[in-house]
Amino acid sequence: MTSTTVVGSYPRIGDAPEEQRLRRAIGRFDEGKVSEADLREVERSVVREVVEEQVAAGIALPTDGQVTWSDSQSHFARHLDGVEVDGLVRYFDTNTYYRQPVVKGKVRWREPATVDEWRYASSIAGGPVKAVVTGPFTLATLAKSDGTAKRELVRDFASAVAGEVRALQQAGATHIQVDEPAITRAPEEVGLLKEGVERVAGEKGRAWLCLFAYFGDVAGILGDLAALPIDNLGLDLVQGERNWKALAEAGSEVPLTLGVVDARNTRRDDPKALARSLLALKGEVPLEESHVSPSNGLEFLPREKAREKLRLVAEAAKLVEAGL
Amino acid sequence: MSLLTTSVGSFPKPPYLAKARALHSKGELTDADLRPLEERATREWIAFQEEIGIDILVDGEQYRGDMATYFAENLDGCEVSGLVRSYGNRYYKKPVVVGELERPRSITVDWWTWAQGLTGKPLKGMLTGPYTMMDWSFDEHYASREALAMAFAEVLHQEAKDLERAGAEMIQIDEPALSTRADELDLVVKALGAVTRGLDAKTITHTCYGNYDAVFPYFNRLPVDQIDLEMSNSGLDLLERFRREPLKKEIAFGVIDVHSHVIETEAQVRERIERALEIFAPETLYIDPDCGLKTRTVEEAQAKLRVMVAATRAVKAARGLE
């Protein structure tokens with residue numbers, strides 16, 4: 001049956017005072033007024049809330065919402081050797097910023113960045129929780145380095161991400177997603193991405209592995225991505241509108257995560273129209289084994305809108321299921 | 001006239017104003033109670049700029065919060081969203097376009113007129129550009145990004161005309177989102193052109209945080225008289241490119257890193273100005289910080305501006321420039 005998932009991030013604060021407790025806790029922690037343990041406790045309570053919101057909205061495969069992540073790049077860089085974290089850089093076209101990792105030596109995985117939160121989220125979800133890691137191609141593309149060849153950087157980051165994936169699957173993660181938004185901006189570098197994903201996939205064990213490319217389309221390299229050693233391919237069908245045509249023409253044998261609900265805009269999507277478009281792909285892609293999702297992480301939306309988008313994902317998936 | 005000094009737009013809000021704005025946002029302080037504090041802070045910043053000898057002034061935007069939502073709050077067809085994350089533990093609200101954009105009354109003219117009345121030096125009118133307004137808004141109404149950008153351009157054009165009628169000799173239209181999508185640079189040119197069409201005032205656009213490689217070929221195509229660029233934070237990388245492909249308009253050249261607490265030394269800033277002078281003629285070269293200074297403390301911002309002015313004076317004296 002057509003299932004539901006999210007891409008990863010979720011707004012960690014909302015507009016109600018109670019929904020801003022993590023913001024306050026981080027502020028007080030930075031001022032030295034609360035301990036790290038106190039901060040962790042608040043983080044956990046928000047992870048719980050975020051997982052519960054997803055499950056209540058009908059998301060079958062939730063994530064921990066990346067509630068503890070400062071951003072998608074530095075969260076990993078802080079757990080790697082050979083990388084330091086520097087100033088703010090704009091994150092794609094999102095008008096948000098990440099702290100840029102700077103490669104200072106041989107990049108090596110040191111310790112898990114995501115395992116604790118994944119384990120905690122799993123303990124409350126009542127079903128599988130998808131672990132999400134930033135992919136080696138994107139880490140290498142957005143990091144700063146002095147002259148190291150990109151291929152070498154991708155390889156080193158791939159070994160590091162492989163370490164994280166190994167730790168996740170050893171901790172019991174059955175669903176792991178590798179995010180590679182940077183490939184939508186440089187499809188000509190798919191060869192480098194391939195090397196990175198192959199290295200990471202080598203450590204997935206028996207876990208289901210999804211590669212997700214958002215913030216644009218991968219229409220020109222769909223075949224290359226589908227041929228990778230992955231169990232699921234995640235596509236942004238909003239900002240990557242050209243993916244629709246590519247899918248209709250070439251189809252896909254690999255099950256997909258179909259990012260159809262617009263995670264970059266507050267406008268309410270029409271689930272009937274989305275379901276119709278998805279059902280038009282029937283016969284071309286394995287809809288029964290695929291997931292419906294937002295087009296990218298939901299943290300770019302206000303919390304109340306993110307909640308609405310979760311419900312729209314569930315509604316669209318139900319309509320697809322009914323039409324199959 | 002050469003090496004005129006100016007600022008990009010925003011200055012930090014003094015603690016008494018920051019506190020009052022927090023109370024105001026909770027509904028514990030009225031508009032009428034807030035306004036005198038905004039005026040006091042504006043007066044202080046105008047006086048400071050005059051005291052240190054800046055040539056072209058700004059009002060410091062003490063009455064504005066976010067540069068996009070300030071305009072959204074004053075337009076019909078526009079609402080303001082709930083909080084979204086900017087980075088780390090920083091959050092902001094975004095415009096939400098819910099209907100046809102219309103400007104029921106002028107937005108910035110009252111403040112501009114009042115602040116210009118405090119000084120005999122020229123004060124820039126400050127607008128957030130149409131492409132940036134579009135890119136930073138949620139759109140629940142218009143059919144495309146282009147349609148929304150052009151709708152913003154129309155209301156901003158009306159605002160620019162009103163500023164000009166009120167006497168503004170320079171109007172700056174900030175486009176920090178300019179370099180966001182390389183495939184939309186033609187839209188930036190078109191939308192900015194719709195704002196500046198028919199204006200006699202000197203027009204300026206400011207941008208920052210960019211992938212300037214893609215943007216560079218567009219600098220000469222931007223329909224403004226002056227471009228204002230963040231140069232220090234990008235390591236003055238662009239200078240060589242300007243040597244090969246000359247800019248055919250004025251440049252305001254950022255010599256102060258606004259993201260660092262560290263106060264530049266006069267020697268550092270002098271060196272940056274000297275390097276700029278290798279490429280640009282002194283009459284077309286303006287000296288300013290990389291970007292708005294609102295994220296620094298009042299003390300840091302003032303110290304940085306003092307260094308900027310002192311360094312500019314030293315360069316002018318050494319070269320015998322007027």
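**Exercise 1. How many residues does the contact take from chain B and from chain A?**

Before counting, some ground rules. This is a predicted model, where local features need pLDDT of at least 70, side-chain atom pairs count only at pLDDT 80 or more, and totals for chains, interfaces and linings use all residues. Residues are numbered from 1 along each chain as its sequence is written, while chains are lettered from A and ligands numbered from 1 in the order in which they are written.

Step 1. Call two residues in contact if their C-beta atoms, placed from the backbone, lie within 7 Å. Chain B then gives 21 residues and chain A gives 26.

Step 2. Sort chain B's side by element (helices are DSSP runs of H or I, at least four residues; strands are E runs, at least two; both are numbered from the N terminus). β2 (76-87), β3 (90-102) and β5 (138-139) of chain B each supply at least two residues, and β2(B) has the largest share with 7 residues.

Step 3. Sort the side of chain B that touches chain A by chemistry: 9 nonpolar, 7 polar and 5 charged. Here Ala, Val, Leu, Ile, Met, Phe, Trp, Tyr, Cys and Pro count as nonpolar, Asp, Glu, Lys and Arg as charged, and the others, Gly among them, as polar.

Step 4. Check the scores: the model has ipTM 0.94 and pTM 0.94.

**Exercise 2. Describe how α2 and α11 of chain A pack.**

Step 1. Take α2 (residues 36-57) and α11 (residues 303-323) of chain A: their axes lie 8 Å apart, at an angle of about 35°. Axes are lines fitted to C-alpha atoms, for helices over the stretch in contact, and angles run from 0 to 180 degrees between N-to-C directions.

Step 2. List who meets whom. From α2(A) come Glu53(A), Gln54(A) and Ala57(A), facing Arg307(A), Leu310(A), Arg311(A) and Ala314(A) of α11(A).

Step 3. That contact of α2(A) with α11(A) splits into 3 nonpolar, 1 polar and 3 charged residues.

**Exercise 3. Is Ala194(B) buried, partly exposed or exposed?**

Step 1. Find Ala194(B) in helix α7 (residues 185-196) of chain B.

Step 2. Count neighbours: Ala194(B) has 18 other C-beta atoms within 10 Å, so Ala194(B) is partly exposed. Buried takes 20 or more such atoms within 10 Å, exposed 12 or fewer, and partly exposed falls in between, with C-beta atoms placed from the backbone.

Step 3. Skip neighbours within four places in sequence, and Ala194(B) is in contact with Met150(B), Ala153(B), Glu154(B) and His157(B). Met150(B) is 44 residues from Ala194(B) in sequence, yet 7.5 Å away in space, C-alpha to C-alpha.
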